[in-house]
Number of protein chains: 2
Amino acid sequence: MTRSTLEAAVAANHELFMQTGDRIEAVLAEHGLTPATAQALWAIDPDQAPPSMKTLAGRLYCNAPNLSFVMNQLTDRGLVERSADPADRRSRVVALTDDGRRVRAAVIEATLALTPFARLGDDELRQLVDLLGKALDPAPEGA
Amino acid sequence: MTRSTLEAAVAANHELFMQTGDRIEAVLAEHGLTPATAQALWAIDPDQAPPSMKTLAGRLYCNAPNLSFVMNQLTDRGLVERSADPADRRSRVVALTDDGRRVRAAVIEATLALTPFARLGDDELRQLVDLLGKALDPAPEGA
DNA sequence: AGGGATTGGTTCGAGGCTCGAAGTATCTGG
DNA sequence: CCAGATACTTCGAGCCTCGAACCAATCCCT
């Protein structure tokens with residue numbers, strides 16, 4: 001039966017997520033971050049073009065007011081900076097500060113050290129990422 | 001490098017969790033449930049002995065006051081019943097009502113229909129559950 | 001048996017998270 | 001130029017989570 005296997009997959013994914021969150025809680029607090037702010041910080045890749053608020057809200061599955069609230073905290077904390085997008089001045093793009101880059105890297109580092117996924121070997125991990133990717137991709141037809 | 005693969009695994013796990021939560025939001029609302037109450041309801045398996053508050057709190061990675069708060073909502077909603085454990089009357093065990101069983105089943109059914117994991121085939125799903133299980137098990141030495 | 005320490009739950013109050021409604025600034029199409 | 005749409009913010013309400021304080025039952029040690 002696929003059904004019980006599917007339920008097991010959802011349950012295991014949930015459990016892993018909760019355990020990871022639980023384990024990094026203390027590290028986040030050390031950096032003055034909450035789960036919500038840490039998640040938002042993680043979502044800003046310093047190697048990509050700074051995303052707009054709208055883009056970020058989609059990425060985080062939250063709405064605009066919520067993201068404004070969270071971004072205000074990160075701004076107050078000096079980890080990100082908002083600036084108007086010259087191409088469309090309604091839009092505001094969010095960029096990491098130097099401090100933001102450092103804290104983000106530290107949070108990711110700590111997470112990778114503490115997450116239960118770290119238990120898996122290299123091959124298993126690759127296999128796992130492949131499977132999770134298949135679940136996520138809507139239609140991975142070749143470009 | 002394991003590092004980037006590990007990061008991808010954590011990110012995919014997070015993304016899958018968020019997407020699943022996002023998609024079942026409306027169904028939960030139809031049943032008068034919030035994310036927190038739904039999660040708690042899910043955690044009570046009707047085929048197992050009714051868990052104590054302490055057991056449930058551990059299962060949900062929350063503390064006692066929080067669980068009391070959530071359980072009050074489920075109780076008010078008529079989905080669970082609390083009763084003293086005869087073996088240790090400090091402890092209170094939580095059992096699903098008939099209605100609770102029905103709603104729980106409906107929520108799980110809807111989740112399995114909507115989760116991105118449903119995209120995967122039977123073999124992939126089994127493989128995935130196996131990998132996630134390996135990450136979770138602290139030490140799966142044979143009994 | 002008696003009494004202090006421990007444990008399981010609850011209540012209460014504070015603070016964080018999320019959302020809908022309303023408002024401002026900017027862009028777009030006619 | 002103006003009406004409508006879009007990106008964002010502010011505000012207020014409600015939900016979620018936690019620590020502190022409290023109660024009741026159990027345990028342990030003498």
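Trainee: How many salt bridges does the structure hold over all chains?

Mentor: Over all chains there are 16 salt bridges in the structure, and you should keep in mind that this is a predicted model.

Trainee: Which residue does B:E109 meet in a salt bridge?

Mentor: The side chain of B:E109 meets that of A:R3, with 2.6 Å from N to O. Because B:E109 sits in helix α5 of chain B while A:R3 sits in helix α1 of chain A, the pair joins two chains.

Trainee: And how exposed are B:E109 and A:R3?

Mentor: B:E109 has a relative accessible area of 42%, which makes it partly exposed, and A:R3 is also counted as partly exposed, at 38% relative accessibility. A:R3 and B:E109 are, moreover, linked with A:E7 in a network of salt bridges.

Trainee: Which residue does B:D98 form a salt bridge with?

Mentor: B:D98 forms one with B:R101, where the closest N and O atoms are 2.6 Å apart; both residues belong to helix α5 of chain B and are three residues apart, about one turn of the helix. In helix α6 of chain B, B:D122 and B:R126 are four residues apart, again about one turn, and their side chains meet in a salt bridge at 2.6 Å, N to O.

Trainee: Changing topic, which residues touch the most other members of the largest nonpolar core?

Mentor: That core has 30 residues, and those touching the most other members are A:F117, A:L128, A:L132, B:F117, B:L128 and B:L132. The elements giving two or more residues to this core are α1, α5 and α6 of chain A together with α1, α5 and α6 of chain B.

Trainee: What is B:L132 in contact with, leaving aside its neighbours within four places in sequence?

Mentor: With those neighbours set aside, B:L132 is in contact with A:A9, A:A12, A:N13, A:L16, A:F117 and A:L128.

Trainee: Now the DNA: which residues come nearest to strand C?

Mentor: Of the 22 residues around DNA strand C, the nearest are A:T34, A:R90, B:M53, B:K54 and B:S68. By class, the surface near this strand has seven nonpolar, eight polar and seven charged residues.

Trainee: What parts of DNA strand C do the atoms within 4 Å of the protein belong to?

Mentor: Of those atoms, 77% belong to sugar or phosphate, and the rest belong to bases. As for individual phosphate contacts, a polar side-chain atom of A:T34 lies 2.5 Å from a phosphate oxygen of DNA strand C, a polar side-chain atom of A:N63 lies 3.4 Å from a phosphate oxygen of the strand, and A:R89 places a backbone N or O atom 3.0 Å from a phosphate oxygen.

Notes. Residues numbered from 1 in each chain as written. Chains lettered and ligands numbered in written order. Predicted model: local features only at pLDDT ≥ 70, side-chain atom pairs only at ≥ 80, totals over all residues. Heavy atoms only, no water. Core = buried A, V, L, I, M, F, W, Y, C linked by side-chain atoms within 4.5 Å. Buried < 20%, exposed > 50% of the residue type's maximum accessible area, 1.4 Å probe, protein only. Contact = heavy atoms within 4.5 Å. Near = heavy atom within 4 Å. Polar contact = N/O pair within 3.5 Å; in protein donor to acceptor, adjacent residues only side chain to side chain. Nonpolar A, V, L, I, M, F, W, Y, C, P; charged D, E, K, R; others polar. Salt bridge = Lys/Arg side-chain N within 4 Å of Asp/Glu carboxyl O.
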